[in-house]
Amino acid sequence: MKTKKSMGEFTGNEYPVGQNQDQSGPEEKAQEQKAKDERIEKQGQVLLDQNNKKHKIHLLSIIGEIEGHEISSPQTKTTKYEHVLPALAAIEDSEEIDGILVLLNTVGGDVEAGLAIAEMIASLTKPTVSLVLGGSHSIGVPLAVSTDYSFIVKTGTMLIHPVRMNGMIIGVPQTYDYFKKIQDRIVGFITEHSRMTSQRIETLMMETGVLTKDVGTILVGEQAVAEGLID
């Protein structure tokens with residue numbers, strides 16, 4: 001079961017980017033705003049610190065395709081793990097940040113990169129919350145459940161399906177055993193961080209009557225909550 005964390009449970013050093021310090025003049029404030037805007041544009045991250053309770057919440061958006069070791073095409077919107085992992089380490093080390101809000105609208109992507117980000121989020125001592133907007137498909141499912149508490153909008157979708165691989169593969173039993181090991185890692189993570197059993201997850205993965213040209217299951221909004229996938 002997940003253990004909920006309070007806003008007071010955080011340790012570390014000064015937050016390096018997006019810090020909320022009093023500036024002496026309009027030029028410094030303009031530079032700070034420009035840095036925030038550039039960070040939103042390039043990495044989809046920003047510090048939310050203007051609320052009336054004065055909490056400092058780091059907003060992390062996971063959108064498009066989770067990019068792995070190979071660079072995706074310039075036309076594809078991606079979330080790059082080399083941006084996210086250092087940012088999460090800096091958040092954990094910061095004395096300023098009170099918690100993290102993760103916004104998800106992703107089609108999935110690289111399994112290794114997605115699990116790395118999910119494990120990093122799950123290991124943080126800061127309070128973490130996820131919100132699925134649009135969809136959190138494939139490897140986006142472990143990312144959605146990696147936080148202390150998860151939400152999904154009524155129109156949000158979660159796609160659960162077996163592991164696939166693009167490109168040439170060697171058609172031998174060892175290849176399919178390797179696929180099974182990858183799938184077991186994903187199922188194990190989801191089981192550990194949600195209320196679903198591994199048997200139910202695998203049943204939904206192998207469903208043949210939901211998708212027209214594929215195997216798997218789409219859970220919409222309240223279905224994901226009813227299944228115990230989302231809090």
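**Rings, strands and salt bridges**

Visitor: At 32% relative accessibility, is Y149 buried, partly exposed or exposed?

Guide: This is a predicted model, and the relative accessibility of Y149 in it comes to 32%. Buried would require under 20% and exposed over 50%, with partly exposed in between. Because 32% falls in that middle range, Y149 counts as partly exposed.

Visitor: A search of the whole structure finds two aromatic pairs; how is the one formed by Y149 and F151 arranged?

Guide: The rings of Y149 and F151 lie 5.2 Å apart, centre to centre, with 55° between their planes. Planes under 30 degrees apart would count as stacked and planes over 60 as edge-to-face, while the rest are tilted. Since 55° fits neither of those two classes, the pair of Y149 and F151 is tilted.

Visitor: What arrangement does the aromatic pair of Y176 and F179 have?

Guide: Y176 and F179 sit three residues apart in helix α5, and therefore about one helical turn separates them. Their ring centres are 6.2 Å apart and their planes meet at 75°. Because an angle over 60 degrees is what defines this class, the pair is edge-to-face.

Visitor: Along strand β8, which residues have side chains that are buried?

Guide: Strand β8 covers residues 217–220 and runs antiparallel to strand β7, to which four bridges join it. The side chains of β8 alternate, with I218 and V220 pointing to a face where they are not buried. L159 stands opposite I218. Pointing to the other face of β8, and buried there, are T217 and L219.

Visitor: How many residues apart in sequence are the parts tied together by R164 and D214?

Guide: Among the six salt bridges found in the whole structure is one in which the side chains of R164 and D214 meet, at 2.3 Å from N to O. R164 lies in the loop between β7 and α5, whereas D214 lies in the loop between α6 and β8, so the parts this pair ties together are separated in sequence by 50 residues.

Visitor: In which helix do D184 and K180 both lie?

Guide: The side chains of D184 and K180 meet in a salt bridge, with 2.7 Å from N to O. D184 is partly exposed at 35% relative accessible area, and K180 is partly exposed at 41%. The two residues are four apart in the sequence, about one turn of the helix, and both belong to helix α5.

Technical notes:
Residues numbered from 1 in each chain as written. Predicted model: local features only at pLDDT ≥ 70, side-chain atom pairs only at ≥ 80, totals over all residues. Heavy atoms only, no water. Phe/Tyr/Trp six-rings, centres within 6.5 Å; stacked < 30°, edge-to-face > 60°. Buried < 20%, exposed > 50% of the residue type's maximum accessible area, 1.4 Å probe, protein only. Pairing = 2+ DSSP bridges. Salt bridge = Lys/Arg side-chain N within 4 Å of Asp/Glu carboxyl O.
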